[in-house]
Amino acid sequence: LGPRQTEIIAKPNLSVTEKSYQCENRIGSFEALATLFTDNYAHVEHPECYHEGADHCRYIISWAKSPAYIWRLLRRVATWLGIGAILPCALFLPFPTAGVLITGWISIVSLLAFKTERSARLELARALRKHGETAQEQVDESNIRYNNALLVQEIGLAAASILNIDALMNRMAWLMRKRLNYDRGLIMLANSDNTRLLYSAGYGYTTEKKEKLQQVSFNLTKPEAKGLFTRTFLDQRPYLSDDMPKVSNSFSAKSRRLVEEFGVQAMICVPIVYKNTSLGILTVDNEKSKKPFTESDLNLLKGIASQMAVSIINAQSYQKLSASERKYRQSLESIEEGYFEVDLAGNLTFVNEAMCRITG
């Protein structure tokens, strides 16, 4: 529509179901594109919208003049002004005056050309820097996703090979410290009768604060409790805050003291749930880092907590099976009757003490 204005029409195909938020996405993209060239967002008008009865969405996009554009325009005006006015006037002026006039005009045009070139270089440098920052962000995001994928794989391997719950939780905490970019992490599990929430494993804490956490427990028998960990466990709902000191007034006195004592600035807390049964909570927090938490962080931790839940149930099942097998073996060893087991080839695979005595 002009040197700084364009029109875009978006019309969905008949086979496409167009959602209203996709219109918002397009507007955001059009606004952001201008920042690559002008350091400012574009202005987007949306006079016709598919979701308001039109057969298409029409966008009118305009953007501000860049400094280089303004200097370029001034240079052109000065150049054509000199050609159209100064040079003809110089023909009728005495030599010294005409020389000064032409020299001044050339100096002004040269200065404007220099400013135009310099401004264009600065804008190019800014654009390249923005591209570089964008590329670095993409590299960082790729590294984060790679680390997250490795974490999921390593948690799966740990769950398959470690069947002691304490050792398993310590391994999980070590993997989180290795792969995730959070200052601290904490895993708390319910005791056998689901009445208390107890420390299981963690990372990033000083020895003093770790001992403090090992001594702390949270009551799970009070439905009206306001503690952050207790509510996450009972409600089976995750919690995310980027300003814990500000929101801690809604917590119990015990939770507020912990937030203050541990210097928690931002926190994510997710429940560890298996088939609608809460097993514990997983929480990460930032004490020093200023990076805000996002929904991606929350979703990642929910996935980790889900894997932890399966791992815990597997370890508990193995422990119960081992205890049952030990009890079974002890019973066989204590009876006076001889007992033995054979495989399909007839080889003895187990005999009790009584059988040994009977057969000599």
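On the surface of this protein, F340, V342, L348 and V351 make a nonpolar patch of about 350 Å², where a patch is built from residues with over 30% relative accessible area and no salt bridge, nonpolar side chains (Val, Leu, Ile, Met, Phe, Trp, Tyr) being joined within 5 Å and like charges within 9 Å. A salt bridge here is a side-chain nitrogen of Lys or Arg within 4 Å of a carboxyl oxygen of Asp or Glu, and accessible areas come from the Shrake-Rupley method with a 1.4 Å probe, only the protein chains shown counting as cover for residues. The elements that give two or more residues to the nonpolar patch are β10 (340-342) and β11 (348-351), and F340, placed in strand β10, is partly exposed because its relative accessible area is 42%, between the limits for buried (under 20%) and exposed (over 50%).

The model is predicted, so local features need pLDDT of at least 70 and side-chain atom pairs count only at pLDDT 80 or more, while totals for chains, interfaces and linings use all residues. Residues are numbered from 1 along each chain as its sequence is written, and side-chain values use heavy atoms, with hydrogens and water left out.

Taken as a whole, the protein has eleven helices and eleven strands, which are DSSP runs numbered from the N terminus (helices H or I of at least four residues, strands E of at least two). Its C-alpha trace spans about 140 × 55 × 45 Å along the principal axes, and its radius of gyration is 36 Å, whereas a compact globule of 360 residues would have one near 21 Å, by a rule of 2.2 Å times the number of residues to the power 0.38, with the radius taken over C-alpha atoms. Buried residues make up 33% of the 360 residues.

Turning to the interior, the largest nonpolar core has 33 residues, of which M169, I187, I272, L282, L301 and I304 touch the most other members; such a core is a set of buried Ala, Val, Leu, Ile, Met, Phe, Trp, Tyr and Cys residues joined through side-chain atoms within 4.5 Å. Helix α10 gives the most to this core, with nine residues. Another core, of 22 residues, lies apart from it and includes L197, Y205, V216 and L220.

A last residue to visit is T230, which lies in helix α7 (residues 228-235) and counts as buried because its relative accessibility is 4%. Leaving aside residues up to four places away in sequence, T230 touches F218, N219, L220 and A225, contact meaning heavy atoms within 4.5 Å.

Conventions: Buried < 20%, exposed > 50% of the residue type's maximum accessible area, 1.4 Å probe, protein only.
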